[in-house]
Every structure is written in structure tokens, then in C-alpha cells.
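Please read the briefing below alongside the sequence and the coordinates, going from confidence to chain contacts and then to the sheets and helices.

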Amino acid sequence: MQDDIILTMRGICKVFPGVKALSNVDFTLRRGKIHALMGENGAGKSTLIKVLTGVYSMDGGEIRIEGHDSPIIIHSPQEAQSYGISTVYQEISLCPNLTVAENMYIGRDSAHTVNWKQREKKAGELLDSLGIPARPRQQLASCSLAVQQMVAIARAVDTECKVLILDEPTSSLDDKEVEMLFGLMRELKSRGVGIVFVTHFLEQVYEVSDQITVLRNGELVGEYDVEKLPQVELVAKMMGKDLNDLAELEQFGKKSVPGDEVIYEAQELSSTESKPFDFRIRKGEVNGFTGLLGSGRSESVRAIFGADHVTGGKVKIRGKDVKISNPHDAMKNGVGYLPEDRKRDGIIADLSVRDNIILALQVLNGMGRPISRQKAEEFADEYIEALNIKTASTETPVGSLSGGNQQKVILARWLLTHPDYLILDEPTRGIDVGTKLEIQKLVLKLASENMSVTFISSEIEEMLRTCSRLIVMRDRNIVGELKGEELTQANVMNTIAGGERQNA
Amino acid sequence: MKKDITSGAPRIREPLNDTQLLMTITICIFVAMYAAAMIFMRGGFLKAQQFFDLLNDNAYLIIISCSLTIVMIGGGINISVGGVISLTVMACAMYLESSSSTSILTTLLLALGIGLAFGLLQGFLISYLEIQPFIVTLAGMFLARGLTTILSVNPVKVTHERFLNLVKTKVEIAWLGYTAKNGALIPAKLEIGAVVALMVVVLVYLMLRYTRLGRNIYAIGGNQQSALMLGINVKLTRFWSYVLSGSLSGLAGFVFLMHKPAGNASVALRSEMDAIASSIIGGTLLTGGVGNVIGSFFGTMILGTIQKIIALSPLNASWWQEMANGAMLGLFIMLQSVILMRRHNKKH
């Protein structure tokens, strides 16, 4: 058994200014095995991979690889390659304008001239032997994403490759393509390559992997054999929740009682980023989308708001057919959306608090009807007080506020437009506990004033506290809906994991 | 059909890639345009000399189009080429005038040296200090034009005897000639500069297609981040692309002087824009990664043909020339984006 180990990482530590990204993480890879590396975003998966491939230097620990007696230190991806460690990243890092054969060999040949015939012959042989349906002379851009991914893998394994790291290789592939990729992974496995498989698709892990290592908050949770770790337990380990500890959460504030009128209804709504789904929300209802990060919950609400390119489906607002193909349409129909990435999609950091607050209303009013300075000042003052925004003045650039207060400014921006339906995507991420509670209370208050709210959060407790209905997503599909008495942490996790009630 | 031994499957003819497709369109349009001119304008267009004059007059433009194509494939731009030409022409003209015993070879080396110096400096600033190529070469353009004027405010006419002999030297091709009214055979004449330009096209084509540097230039233009991940030295590759581009501008200056042996501050004014237009018409994408010097050559020829047609037509006026160039450029860019869009949408 010992002989089968090709890679060991022991006690790996990595510190970024102010954050401990990895502390004391162990990882072991065996010959001819597929080893899944699991964890939520920020758990340290990518950091570990980057340490292994020499993108980051480690601050502690040691790496050993088969064939070298002493621990090795890897300074660059090129050096990693020379130890037999190759990586294929989620974003395909090939050149779409070059041919398949060129993409497999460019940057590796030391010769100054290119022998096309020889290169294409070599590429053809390798592609054939791995069963990859690509032709050497084909322009890469004319291949499907899955085939491009496989070409990248072919490039990675052509050199003496012991360890192949696949970082989220399936995230942009459809089911059929995923099967093709898995076929290739099994082929490589039978050749004795050890594969590190990073993904957040639970089912895929169970389909191909032999072992699972779970990370959480930069720490090792454990290494398990796939057969011995039921899916629901894996979810619990990733989230760091003990399944047996089902203590009910204390109730704070009263949950809203939804009215009868359906405010928003979507049938088969789909966008370039999300699969078709049905959804409806009633007046004064607070509902939530939950699921692991990457399960498609943000993509779904972005489709509702028209933030991604909407590709199909019917939308009704208050029973009337409407067409929402961009955020402006959504806003005109009384929908507001607080985006997940506050810095990128939310605030305009250099503008003042006042200008940020009136932004949405100004857009709704149109360019021809500017909001007067005095009016803007009044609005800003009103919401700074109502939401308790801590800012020096209405003139302060919003970028200089704390995260929680920035979030409140964006909330104020939407509240000012008096939407009927407000979507909050991760409004409590990265802000302090006090503000989190304030925002949750505010959500309940808005609902009691007959606003419909969709609330998304990575913290299940928050959603259980505020939502009267939860839509559960897995691998970009809606897999369940929980309401009333069903809203318990255990139920949510079971549904995320796939419904099997397997307790430890 | 030959059987592919490795897979046992018949070898499939690959569809044209983006570069080949755009180049093919350009060549077809040039041929169609020239054929149309032969049919409707008759006269000069029926003589081979007309085609050769196209090469003679546009030799320097062909060279800087190649120069532009190299950097544009790499995802960059170089608008200093016109300035470098004017500086080279002026410097070489003054050098030749300084004494009658000046060697032509050293003059050529001077031209190449000026181009190389600009290439090295601009390449360094763009690749290693990561300054926008547009800004760097804009500064280069001002610098070169300024230096030209500093060298001499007044035009400098070359009177150097051996150089003027070189200017007059032409490759004569008898069988493409025609018989004049008095019965004398006038052979088709090709200037040395045109021969040099054609050689540059072939050499740059081979460089881009068969050398590691050439392929790396395509790679960094296709996707710089990917190129880095594929193990390509992106900075060095970009640096070399500007060095080549600069040196070719110097060579273009020398070729210009062989065509019109006089230095002047306004020499090759706005020629960088013509070179960019030629490259784009030839199928080079401004976004990088796609393009070919054969295409750029035909791009230059298309612009040259338009110029000839307008000169020979009743519309003989420079604004017609400009409008025709503009329309051509617009048409091509539209055509390109439509074709590429259709291709790349088909997959999804």
C-alpha cells in the first residue's frame, strides 16, 4: 500500500496578509486513483493546488513526490511540471486561434523551427490513444468546450506525468460532455496517473472518485474512502455542521405570512448561465434559494433580474405577461436586485453615498428628469437614518465605508425605488455580525410591509430565520422546496445532498 | 486519397481556419477588383506594367504592412512606422549627401539601425514596463517626426551618383512587356524596392509560420494569459515582435528612398494608417491572434488598386481616394465580424 503513494503533502501552511489560508493540511495521492478535493469556496482548495503547482510558495510543511528521496520545493508551474505534476485549470488555458496539435506542443519545444508534419503526427497518435475526438489540424476554437478541455489534458499528460490536477474541469460542460471527460479520466487512471479532482459537483465526485479529502476554512477535515462517506455526511463535513446537533434555532422576529397574490411568476425561465426553472413568489413572502456555492442559485436570480442573457421562458408580474430581458426591464416592473459581488456589481466606489443611493431611482426616472440636488440630499438623509448607515456625510465616497455600510447603501438604493419584489443575493457576506442581524430584521420588516423578498445566503441559519420557503438547488437544478415545519437544518442538508437520509 | 497510417481513418480536409478564411476573401476581392478594372477601365490595366507599378509605388507600404501585421497578430499596434520612415529617409539622404564616397551598404545599415533602435526602445517599454503599445508608439511617432525636422527643415535631394544608379536599376522582364507604337519592345520593369518588398513578405510569412517565435506571436495574440500558462515567454515574444516591426520600418525607409530619392519632413505621412488598413483588409484582427502577411500584401494591393482606379477615372481627387479607402475598410471589418460571429456561434 505504502508503495502506491506518489504524492504526500504534510502540514502545509500558507498565510496571506491577515488571513491564514491553509493551516496544517495533509494530502496524499496514490497511483492510479482519483482523489477528490472538496470544500466550499474559500475552504482552501485552490490555495492548496496553487501551493502544489508552485504558484504560491508555502509557509510551512513539506511535499514529497515519488522518485525523490528528500522533500521537494516547487517554485513555479514549470518546475512542478518537471516533477511530473501537471494542471488543467477550469478556464481553458489554450489558445483558441491555434490548431489542436499546436496547442499540445507550443511552449514546450526548444527547437527554433516548427516541424508541422512531425508535430501533427505525434499529436494524432496521442489523441487516438486517449480516444479524444479531435483532429490535430483542427482549429481549437472549432472544438466543443469538452474537447478543448480534453486537449488540455492530453497536453498535460504527454510529458512524463505522475500527478494530474483537474481544477473544476466540468463546470462549463453539459452532462454528455462530462461523461466523455470521465471516460478520459478513467483511461488515465488505468495508466497509473494519480488524479486530483477539484469540483463542487457532489454527484460527479461519487461517480469517478476513489478518495475524498475535505477542507474547511483552510483546515483539513479529513480523508475518506468514497464508499465509506455517504453524500449527506460529505455535505455536513463541508459545511461544518454536525448532523446530530439538530438544536432548533431560536426564533427572532416574526416570520412573514405571505398574502395570496402572486407577485412574480416564471415558467421555464432560462439564461445563458442557468438551466430552465419554474418559480413564483407571493406578496409579502420571503423565500430563499439555497444550495452549495456553484449550485446555480445566484445564476437563477440573475436570470429573474435579466442580469444574464435570458434565453427562454415566460414571466408574469401580478398575472400580466411581461418581458424581462435586461435589468432595466426588471426595474421598470418593480424588481430590485442586490448583487452577490458588492464591489464589482454593486457600489460605485468613487461616487458619494448620496449619488450611490439615488442611482437606481435616477435610472428609473430617465435621463431627462434629473433628481435635484436638494431632493437627493433629502433621500440620502432619510435612508442614512432609516438604515443606520454610518458615514461621515452624504458626500463621503462609498468606497471608504465599511462592507456592512456599503451593503446598506445599496439596500437604500433599491428601497428608494419602492420595489414590489426585492432580490438580495448574499447581502450578509463579509459584514459584521451586528449588521447581519440588522439586515435580517429589515428583511422581515419589509415583508410585513407587503414587499416580496428573495433572500440568498451561504449561512443556512440566516435563511431558516428569515425565509418562509426555501428552494434547494444542486448542480444547477432545483431539487426540492421546503416550507413551514420542514424548514430544519437537517432537512436542508439532506435535500442538498440528494435526499438519502443516511445518518452517521 | 492517402490513408492516415496512425488512425486508419481517411485524412479529413480541414475547414479553413480564421486566418486562412479571411485571407482567402481578401485575395478573391483583389482578383475580382483587378479583373473588373481590366474589363471596364481597359487601357493601362491591360498591361503587366500597371501591376508592376502597383508593386513599385507601394513597396514601402507592403513592408510596413508586414511590420504592422507582426505586432497586430501579437495583439499590439505600432503607429510609429510612418515617422520612422521619414526619419530614416531624411537621415539616409543627408548621409548620402555628406560625401560622394559614402557607401550604400553603410546607408542601408544606418536605415536598419534607426529602425532597430526604435524597435528595441519601444519593445522594451511595451513588454517590460507594460505601457500601452498605442501610447508608446504614438510617442515614437512624434519623436521620429520631430527628429526628422531637427535634421533638416528643408527637403534634401539625393545627388549621390551611385545611389541614383541604384534607383534607376530595374529588373526587366521582356516577355511581360509590350510593343510601343514605334515598334520598340518595352519590357515590364520592377524596381529593386519591389523585389525587396516581395522578399520581405515571403520571409515574414515563413517566420510566422515555421519558427517558434512566429508561433509564439500568434499564441500571445490569441490569449495572452493562456500563452503564459502554456510556458511561453510572453514578454520576450512581444519584445521581439516590436524589434522586428521597428527594423522593418527602417528597411521600408530605405526602400522609400530608392523609390523617391529625397528626404522631406512630410515623407510617408499617415502611412501607418494605410498600413493598419492594409493589415485589417488582409484579415488581421485588431484583437490579435489572427492574420497573415500574404493577406496584408493583398490588402496593400487592394488599396493601391483603388488609388489607381480613381486616378484614372474622372473622379481624380484625393477625397474620393480617402472615401473609397474608408468604405473598403468599413466593408471588410463588417464582413469579418459577420463571418467570425457566424462561425463561432454555430457551435452553441
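The points that follow are grouped by topic.

This is a predicted model, and the predictor gives the complex an ipTM of 0.87 and a pTM of 0.78. Chain A is divided into domain 1 (2-94 + 160-229) and domain 2 (262-497), and the contact between the chains takes 26 residues from chain A and 25 residues from chain B.

**Confidence**

- The mean pLDDT of chain A is 86, with 95% of its residues at 70 or more; over residues 244-251 of chain A, however, the pLDDT is below 50, and this stretch has six contacts in the model beyond near neighbours in sequence.
- Residues 500-504 of chain A are another stretch where pLDDT stays under 50, and for these residues the model has 10 contacts beyond four places in sequence.
- Chain B averages a pLDDT of 90, and 95% of the residues score at least 70, while residues 1-9 of chain B stay under 50 and have 13 contacts beyond four places in sequence in the model.

**Contact between the chains**

- Of the 26 residues that chain A brings to the contact with the 25 residues of chain B, the largest share, four residues, comes from helix α4 (residues 116-130) of chain A.
- Sorted by class, the side of chain A that touches chain B holds eight nonpolar, 10 polar and eight charged residues.

**Domains of chain A**

- The C-alpha centres of domain 1 of chain A and domain 2 of chain A lie 36 Å apart, and six residues of domain 1 of chain A are in contact with six residues of domain 2 of chain A.
- On the side of domain 1 of chain A that touches domain 2 of chain A, there are two nonpolar, two polar and two charged residues.

**Four-stranded sheet of chain A**

- An open sheet of four strands in chain A follows the order β11-β10-β13-β14, with antiparallel pairing.
- The edges of this sheet are β11 (277-282) and β14 (320-322) of chain A, each of which has a single partner strand, so that one side of each is left without a neighbour in the sheet; on average, and with direction ignored, neighbouring strands are turned by 20 degrees against each other.
- Within this order, strand β10 (residues 262-271) of chain A pairs with strand β13 (residues 310-317) of chain A in the antiparallel sense over six bridges, and Ser270(A) stands opposite Gly312(A) in β13(A).

**Six-stranded sheet of chain A**

- A second order, β15-β16-β17-β12-β18-β19, describes an open sheet of six strands in chain A whose pairing is mixed.
- Here β15 (335-338) and β19 (477-483) of chain A stand at the edges, and because each has a single partner strand, one side of each lacks a neighbour in the sheet; the twist averages 15 degrees from one strand to the next.
- β15(A) runs parallel to strand β16 (residues 421-425) of chain A and is joined to it by four bridges, with Leu338(A) opposite Leu424(A) in β16(A).

**A helix lying across strands of both sheets**

- Helix α9 (residues 297-305) of chain A lies across β10, β11 and β13 of chain A and runs at about 110 degrees to β10(A).
- α9(A) also lies across β12 (286-290), β15, β16, β17 (452-456) and β18 (469-474) of chain A, where it runs at about 150 degrees to β16(A).

**Hairpin and helix pair of chain B**

- Strand β2 (residues 170-179) of chain B and strand β3 (residues 185-191) of chain B run antiparallel and are joined by six bridges, and the bridge partner of Glu172(B) in β3(B) is Lys189(B).
- β2(B) and β3(B) form a hairpin with five residues between them, and in the turn Gly183(B) has a positive phi of about 90 degrees.
- The axes of helix α8 (residues 212-222) of chain B and helix α10 (residues 234-259) of chain B come within 9 Å and cross at roughly 110 degrees; α8(B) and α10(B) are therefore roughly perpendicular to each other.
- Their contact is made by Leu213(B), Asn216(B), Ile217(B) and Ile220(B) of α8(B) together with Val234(B), Thr237(B), Arg238(B), Trp240(B) and Ser241(B) of α10(B), and these residues divide into five nonpolar, three polar and one charged.

Conventions: Residues numbered from 1 in each chain as written. Chains lettered and ligands numbered in written order. Predicted model: local features only at pLDDT ≥ 70, side-chain atom pairs only at ≥ 80, totals over all residues. Axes fitted to C-alpha atoms, helices over the stretch in contact; angles between N-to-C directions. Helix = DSSP H or I, 4+ residues; strand = E, 2+ residues; numbered from the N terminus. Parallel < 35°, antiparallel > 145°, perpendicular 65-115°, else oblique. Contact = placed C-beta atoms within 7 Å. Nonpolar A, V, L, I, M, F, W, Y, C, P; charged D, E, K, R; others polar. pLDDT = per-residue confidence, 0-100. Domains from an automatic or database assignment. Pairing = 2+ DSSP bridges.
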